[in-house]
Amino acid sequence: MNDFVGVGILYNRSLDTLLDTVPDAVDYIEIIPDTWFSDKGVGAAGRFDMFPAYEKRILELGQRWPLVAHHVGFSLGTAGYFDEAYLDNVIRLQEQFGFLWNSDHLSYSKVHDEEVTEYSTCLALPLTFDEEVMEMLTGKIGQIKEKVDTPFLMENNVYFVKFNEEKYEEGAFLAELCNRSGCGLLLDLHNVHANATNFNFDRKQFIDSLDLKDVVEIHIAGGNVIGEMYLDSHSGRCNDEVWELLDYVVPNCPNLRGVTFEFHESYFNTMGNEGILEQLEHARAICLKSKNIVCP
Amino acid sequence: MSLKEFQQAFADLVANGDFCRAVKQNPELLDEKYVLTSLEKDRIIFLLQQSRGIGTSCMLYQINRFTPLYDLMPYTCNILGERTREYTRQFWAYYPKSNFQFKDEVMIFSQFLLEQIALGNINHIPILESLVNLEMAGNCIRFAVTDNVPSQAVIFLESLGTANRLLFSRYDVVQMLAALDQLGAGVPVDYEAIAAVNCFYLVHFTDRRFAVQMLSDAEATAIIEERMDKAQLNVLLATLV
Ligand SMILES: [Fe+2]
């Protein structure tokens, strides 16, 4: 069950030509379902609505490559609320598209009032690594795992501020969360790089603080400095530090199933198809040093 | 529920640089708005001391909130130019809570601009009202909004189908669109060259492009009163595709 699927890419429309002309460039495709449907809001009738053309496109992709779902709308870190209708929609999507696994983020991006009207925080805000948050997430992940058979992964987040007096260090928090809830880890190496750059810690020491048995998927990406901090802008090619981390981490993740390259569509022109292929080949070369790709 | 309040406070700070400065100066303000434990209050104070991080978070909030507006109302944002920032700030003060439905955000921003125009607070762009209405018609089609449209200038009628709207415009829509495409290429808009028309248009919107057909008063009235011959209406609609 834990076979390595290979190197994938986070889908955006700028990839269509590349995928048509060099389909072997990727072993799987990751999609963000939230960008393919409209969400009319909590309590609205027919709340999640996917345009038929989008549905057709996902089905087409699914006929050619295995699919993986990366959700951005659970907002599992939001205190005091679990969005059951969102989970129902994830179940529907899972039934329809047969994703190899599902994931979401270790953060909160929604707050809500007493009537549970949701408001967007407009960016993913970090969680405190405390017992209260641990218990809340464990409960919610349990609810998801009860209803969705595939692995469910949580992705380590990028953050721009730190909290004081937390019970856990980030690595220990992630390890304990996976242990208690049964979720897997989506280890975003670029987020590690961004946090290490902004908060001046040792990247490999951080990796060593994780339990690498938990890692099911790895994200790699590029970023840049805007203003005073290094951002996870997914702005094209991976940095050398990310490649170095990938090389360091892959051989030590016995349950790793995929390495996904993420870039934002608006940066397509900085790489072009050739540049994207280079990134995928580089990732594959690193993986093949210690993994065999097995078709799911 | 304290963690919920803490998360709300953090979200409110990131959404509002002025609030960050006020709380940094006077942390007691937190007690007026939120019920926090002393650790949570300490944590907010600690956050606000990290000026690089809180500044970056505030910047990302603004970028992430502005991006969909720009994406959904490119002509309006382009013509507002550098002042877009000023008006979006005012809008966020008026409507501080953004939700995940860009539809709501863009409709309320359009309504906000129309109100400011009506009040005379924005009066330096003669075609702005017509342009906001045009993009609102496009967004009504995009998001399948058929009722409670925040402008009387955009009309949905069953007979037109979901991909079309009737639009009342003070200025010639074809000339406006041409001028705005030029603006995209760096040519300033010559407002004198855009004819005042005060008439109705049929508007179709698909793949981010408008197709429009100017109507005579008689045609518009017949469509609104739903007494236009179906064949005649179909001929008009066919000109849009
Ligand atoms: Fe990621």
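## A tour from the interface to the rings

Across the interface of chain B and chain A, two salt bridges are found. The model you have open is predicted.

**Stop 1: the interface.** Show chain A and chain B together. Select K4(B) and E114(A). These two form a salt bridge, with 3.1 Å between the closest N and O atoms. Now widen the selection to the whole contact. On the chain B side, 31 residues take part, and they touch 42 residues of chain A. The two chains bury about 3300 Å² between them. Carbon and sulfur atoms account for 63% of that area.

**Stop 2: chain B.** Colour chain B by domain. Domain 1 covers 3-50, and domain 2 covers 57-238. How far apart do the C-alpha centres of the two domains of chain B lie? The distance is 38 Å.

**Stop 3: a stacked pair.** Next, show the aromatic side chains. Over all chains, the structure holds 26 aromatic pairs. Take F74(A) and F82(A) from among them: their ring centres are 6.2 Å apart and their planes meet at 15°, a stacked pair. Is F74(A) buried or exposed? F74(A) has 4% relative accessibility, so it counts as buried. F82(A) is buried too, at 13%.

**Stop 4: a tilted pair.** Move on to F129(A) and F173(A). Their ring centres lie 4.9 Å apart, and the pair counts as tilted because the planes stand at 45°. This pair joins distant parts of the chain, 44 residues apart. F129(A) sits in the loop between β8 (118-125) and α4 (131-147) of chain A. F173(A) belongs to helix α5 (residues 170-181) of chain A. Check the surface here as well. F129(A) is buried, with 8% relative accessibility. F173(A) is buried at 0%.

**Stop 5: a ring cluster.** Return to F74(A) and F82(A), then add F37(A), F48(A), Y86(A) and F152(A). Ring pairs link these residues into a cluster.

**Stop 6: lysines over rings.** Which residue lies over the face of F199(A)? Select K162(A), at 5.8 Å from the ring centre. Then go to Y248(A). K204(A) lies over the face of that ring, 5.1 Å from its centre.

**Before you close the viewer.** Go back to K4(B) and E114(A), the salt-bridge partners from the start of the tour. Then look once more at F129(A) and F173(A), the tilted pair that links distant parts of the chain.

Conventions
Residues are numbered from 1 along each chain as its sequence is written. Chains are lettered from A and ligands numbered from 1 in the order in which they are written. This is a predicted model: local features need pLDDT of at least 70, side-chain atom pairs count only at pLDDT 80 or more; totals for chains, interfaces and linings use all residues. Side-chain values use heavy atoms; hydrogens and water are left out. Rings of Phe, Tyr and Trp (its six-membered ring) pair if their centres lie within 6.5 Å; planes under 30 degrees apart count as stacked, over 60 as edge-to-face and the rest as tilted. Buried means under 20% relative accessible area, exposed over 50%, partly exposed in between (1.4 Å probe, protein chains only). Helices (H or I, at least four residues) and strands (E, at least two) are DSSP runs, numbered from the N terminus. A charge sits over a ring if NZ of Lys or CZ of Arg is within 6 Å of the ring centre and within 35 degrees of the ring normal. Domain bounds come from an automatic or database domain assignment. Contact means heavy atoms within 4.5 Å. Buried area is the accessible area (1.4 Å probe) that two parts lose on being put together, summed over both. A salt bridge is a side-chain nitrogen of Lys or Arg within 4 Å of a carboxyl oxygen of Asp or Glu.
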